[in-house]
Structures are given as structure tokens and as C-alpha cells.
Amino acid sequence: MELSLLRQGVTTMLSGNCGSGPLFADSAAMHPHPWINLHYLAGNCVLRHASGQTDRYAPATPRQRQAMRDLLGESMRLGAMGLSLGLEYEPGATFEEISGLARVVAEFGGFISVHTRFDDDRCVEGIREVIELSRVYGVRVEISHLASMTAFHTDECLEAIDAATGEGLRVTFDSYPYDAFCTNVGSAVFDDGFASRWRGKGPECLEAASGRFRGQWLNWDTFAEMRREEPDGQIIAHIMEQDEVERCVAHPDCMIGSDSYYQGEGAHPRLSGTFPRALRILRRHGYGWNDALKKVTAMPADALQIDAGRIYAGASADIAVFDPDSFTDRATYKEPFMPPMGMKLVIVNGNAVLDNGEISGVPSGELRR
Ligand SMILES: [Zn+2]
């Protein structure tokens with residue numbers, strides 16, 4: 001995964017989003033020699049399971065909530081940058097439960113990234129919930145992959161965020177530039193009744209990205225079989241509308257984030273194409289190069305409060321050099337690992353790790369604490 005990002009010019013990755021972040025001690029062991037710089041978030045889904053709550057629809061007990069807060073504090077002490085919430089994945093995580101976690105994050109001066117609770121007609125309600133979290137605890141809240149959660153209601157959600165930032169709340173957001181999302185078939189996203197959520201878009205809008213049905217559009221029978229036999233298998237859900245996604249990406253406050261992950265052989269093209277594709281869309285929407293590049297460099301670096309994203313004497317030597325005329329994504333739903341064209345040179349911590357489009361150096365990233 002790191003190499004797919006590196007080939008797009010990515011030099012720093014924030015991992016552990018959407019509630020999935022491991023306990024920090026585990027993440028340190030997983031990445032002895034990363035290619036790019038890594039920051040980690042602790043994930044509430046992992047914290048819930050570690051505290052003994054394995055029913056995603058059940059609220060954690062007071063004892064489990066205490067265990068989650070203790071584990072989060074431990075990860076923050078070891079170097080996690082904050083907390084990620086996967087509220088759609090663990091509907092049992094009540095506002096009370098996440099409030100206790102937000103207090104811990106606030107104590108450490110971290111931030112919270114959120115995969116919001118609803119991706120259907122209730123999405124504005126989901127956005128308001130996390131705005132409230134920022135209001136009450138004073139923490140920065142990052143709404144993850146906004147456009148993928150707000151199909152048919154993106155403008156309304158952007159207005160709610162604009163109103164919150166207008167009030168001075170620290171609410172930020174990111175998006176990826178594709179009109180399909182991707183997640184595990186066994187997750188709560190596809191629990192009973194899912195087909196009524198997206199204006200009647202059912203299994204015929206779902207494409208298997210891994211396993212036995214890889215590359216096939218599903219029907220009720222193959223969907224049920226995949227869910228039963230390969231619950232960790234990935235589904236690409238062709239739900240959103242491209243115009244709406246582009247309006248989100250082109251919003252002046254929207255940062256670009258890939259939301260990429262992959263298990264085994266399956267992936268969504270966002271893994272290999274997000275950044276060149278987003279830049280191309282921004283240029284088409286009238287952005288000059290500097291303003292477009294800010295959304296993948298200085299804006300996220302400032303949000304994370306890390307020394308990155310700008311070139312000046314003494315800055316971290318994390319630099320990507322590309323040909324603006326040819327820098328283009330080539331990854332597709334059929335070939336999600338195709339690297340982009342036009343990336344010439346990538347320097348991580350002063351070492352050239354990609355030269356003329358080819359990986360040329362040794363892993364030069366660091367796990368950041
Ligand atoms: Zn997510």
C-alpha cells in the first residue's frame with residue numbers, strides 16, 4: 001500500500017482511520033522499515049473489541065468504556081496522533097461512549113477523524129453529531145471521505161460544515177475523487193435493509209473487488225454468498241454521483257485523502273490514483289497549480305500540525321517532482337494497482353526513493369510519534 005501511495009508522490013501517510021487503527025504498540029511492531037512517513041490514529045472499533053464489546057449494535061458497558069479510555073490513553077502516550085471513529089461500522093457506539101474518548105484526546109491535544117454514522121438520507125444528522133463533538137470538547141474533528149458518505153446531500157452537508165467553521169469550530173474534512181466507495185461485505189454497511197438507503201441502489205450497483213466473485217457485478221444470490229463465505233471480502237459500491245463528488249473535492253476547504261486500504265488481491269483505484277486524479281479535477285474546476293497542490297501538501301500538514309507540506313531552507317526533505325502535463329492516474333476498477341504516469345522523483349527524508357517513475361532507493365520513512 002505504501003508503494004502505491006509513494007508512486008503518486010505521497011511522502012507521509014496518516015493511518016488507522018475509520019475506527020480501524022491498531023493499538024499503538026502493535027502498529028510500531030508492524031512497520032519496522034516503512035517506505036514513507038507514518039502517523040497513526042487509535043481506532044474506536046479496535047478499542048471496543050479489545051475492551052470485550054464484540055456486538056457492534058450494543059453500547060459498551062461502563063467497565064468497557066473505562067477500558068477503552070485506558071487503552072486510548074496508553075496509545076496516545078506511546079505516540080498515536082489521535083482517535084479515529086468508525087461510527088457506521090459500530091452503530092452501538094453512543095455519543096456518551098465517544099464523548100469519554102474525546103475527553104482523553106483533548107487531554108493529549110490530539111484530534112479525531114470520523115467515518116460518520118450515516119451514509120444515507122440521515123447523513124446531515126451524522127455530520128451534526130461530530131460538529132457537536134468538536135463544540136463540546138474543543139478538539140479538531142476531521143470528517144473522513146465526505147463525498148462517499150453524503151450521496152445526494154453533499155451540498156447540504158457542506159453548508160453545515162461551513163456554518164460550523166464560520167462559528168470558529170475546528171471542523172475539517174477530506175474526500176477522494178471517485179463516485180464509488182469500497183468496504184468489507186461483512187461490515188454493518190451491508191446489514192439488512194441496505195438496499196433501501198441509496199435511492200433503491202441494490203446489489204446490482206455492487207462490484208466484488210476480491211475473492212471468488214472478483215470483477216463481477218453482484219445480484220442478491222452472489223451478494224448473500226459472498227457475505228456469508230467471505231465477510232472480509234471487499235465490495236465496490238457504485239452509489240455516488242460524479243458531479244457531486246467533484247463539487248466536494250473543489251470546495252476550498254476540502255483536503256484530498258485516499259481512504260485507501262487493501263487486503264489480499266483486491267483494491268479500489270483510489271489506492272493508486274487519488275492524488276493525480278484529484279489534481280486533474282481541481283485544474284478542470286479552475287484551480288491554479290499552487291492552490292490545487294495546497295490541498296495535498298500544506299493544508300493537511302497544517303491540520304496535522306506536522307513539519308511538512310512546504311519547501312523552504314531547513315524544511316523536511318520530503319519532495320515529489322512530477323511533470324504537470326503528463327501526471328495522470330491510470331488505475332481503474334479492473335486494474336486498481338496501475339501506477340500513474342508523470343511522477344519523476346520522490347524524496348523521503350532526504351533520500352530519493354523513486355526516480356523516473358521507478359522505485360530506486362531503500363525504505364526511508366519513519367514511524368512518527
Ligand atoms: Zn471510512
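Cys18 is buried, with a relative accessible area of 12%. That residue is a good place to enter this predicted model, since the zinc ion is bound there: its protein donors are Cys18 through SG, His115 through ND1 and His145 through NE2, at 2.0 to 2.1 Å. Written along the sequence, the spacing of these donor residues is C-x96-H-x29-H. Cys18 and His115 therefore bring together distant parts of the chain, 97 residues apart, and both count as buried because their relative accessible areas, 12% for Cys18 and 4% for His115, are under 20%. Cys18 sits in the loop between β1 (12-15) and α2 (24-30), while His115 belongs to strand β4, residues 111-115.

Strands β1 and β4 also have places in a sheet. Seven strands make up this open sheet, in the order β1-β2-β3-β4-β5-β6-β10, with parallel pairing. At its edges are β1 and β10, each of which pairs on one side only. On average, neighbouring strands are turned by 30° against each other, direction ignored. In general, the strands of a sheet pair through backbone hydrogen bonds, either parallel or antiparallel. One pairing can be followed in detail: strand β5 (residues 141-143) and strand β6 (residues 171-175) run in the parallel sense over 3 bridges. Val141 has Val171 in β6 as its bridge partner.

The next topic is the nonpolar interior. In soluble globular proteins, nonpolar side chains tend to be buried together. Here the largest nonpolar core has 93 residues, and Ile36, Leu72, Ile112, Phe181 and Phe190 are those with the most contacts inside it. Helix α6 (residues 123-137) gives the most to this core, namely 7 residues. A second, separate core has 6 residues, including Leu41, Met81, Ala301 and Ile306. Ile36 shows what surrounds one residue of the largest core. Apart from neighbours within four places in sequence, Ile36 is in contact with Glu2, Leu5, Leu6, Val10, Thr11, Thr12 and Met13, and also with Val348, Gly365 and Glu366.

Charged side chains add another set of links. Side chains of opposite charge can pair when their charged atoms come close. Across the whole structure, a search finds 23 salt bridges. One of them joins the side chains of Glu90 and Arg48, with 2.9 Å from N to O. This pair links distant parts of the chain, 42 residues apart: Glu90 is in the loop between β3 (82-86) and α5 (95-108), and Arg48 is in helix α3, residues 44-50. Glu90 counts as buried because its relative accessibility is 5%, and Arg48 counts as buried because its value is 0%.

A further salt bridge joins Arg140 and Glu142, again given as 2.9 Å from N to O. Both of these residues are buried. Asp259 and Arg270 form another salt bridge, in which the closest N and O atoms are 2.9 Å apart. Asp259 lies in the loop between β10 (254-256) and α11 (270-284) and Arg270 in helix α11, so the pair ties together parts that are 11 residues apart in sequence. The two residues are placed in separate classes of exposure: Asp259 is partly exposed, with a relative accessible area of 23%, whereas Arg270 is buried at 1% relative accessibility. Salt bridges also form a network, which links Glu88, Asp119, Asp120, Arg122 and Arg197.

Asp120, a member of that network, is also a contact of His153. His153 lies in the loop between α7 (146-149) and α8 (154-166), and it is buried, with a relative accessible area of 14%. Leaving aside neighbours within four places in sequence, the contacts of His153 are Asp120, Asp121, Cys123 and Glu244.

The loop between β10 and α11, which holds Asp259, also contains Pro269. Pro269 is buried, with a relative accessible area of 1%. Which residues does Pro269 touch, not counting those up to four places away in sequence? They are Tyr178, Thr274, Ala331, Thr332, Tyr333 and Pro336. The C-alpha atoms of Pro269 and Pro336 are separated by 4.1 Å, although the two residues are 67 residues apart along the chain.

Conventions
Residues are numbered from 1 along each chain as its sequence is written. This is a predicted model: local features need pLDDT of at least 70, side-chain atom pairs count only at pLDDT 80 or more; totals for chains, interfaces and linings use all residues. Side-chain values use heavy atoms; hydrogens and water are left out. Donors are N, O and S atoms within 2.8 Å of the metal (3.2 Å for Na, K and Ca); water is not among the atoms, so sites may look incomplete. Helices (H or I, at least four residues) and strands (E, at least two) are DSSP runs, numbered from the N terminus. Buried means under 20% relative accessible area, exposed over 50%, partly exposed in between (1.4 Å probe, protein chains only). A nonpolar core is a set of buried Ala, Val, Leu, Ile, Met, Phe, Trp, Tyr and Cys residues joined through side-chain atoms within 4.5 Å. Contact means heavy atoms within 4.5 Å. A salt bridge is a side-chain nitrogen of Lys or Arg within 4 Å of a carboxyl oxygen of Asp or Glu. Two strands pair if DSSP finds at least two bridges between them. Axes are lines fitted to C-alpha atoms, for helices over the stretch in contact, and angles run from 0 to 180 degrees between N-to-C directions.
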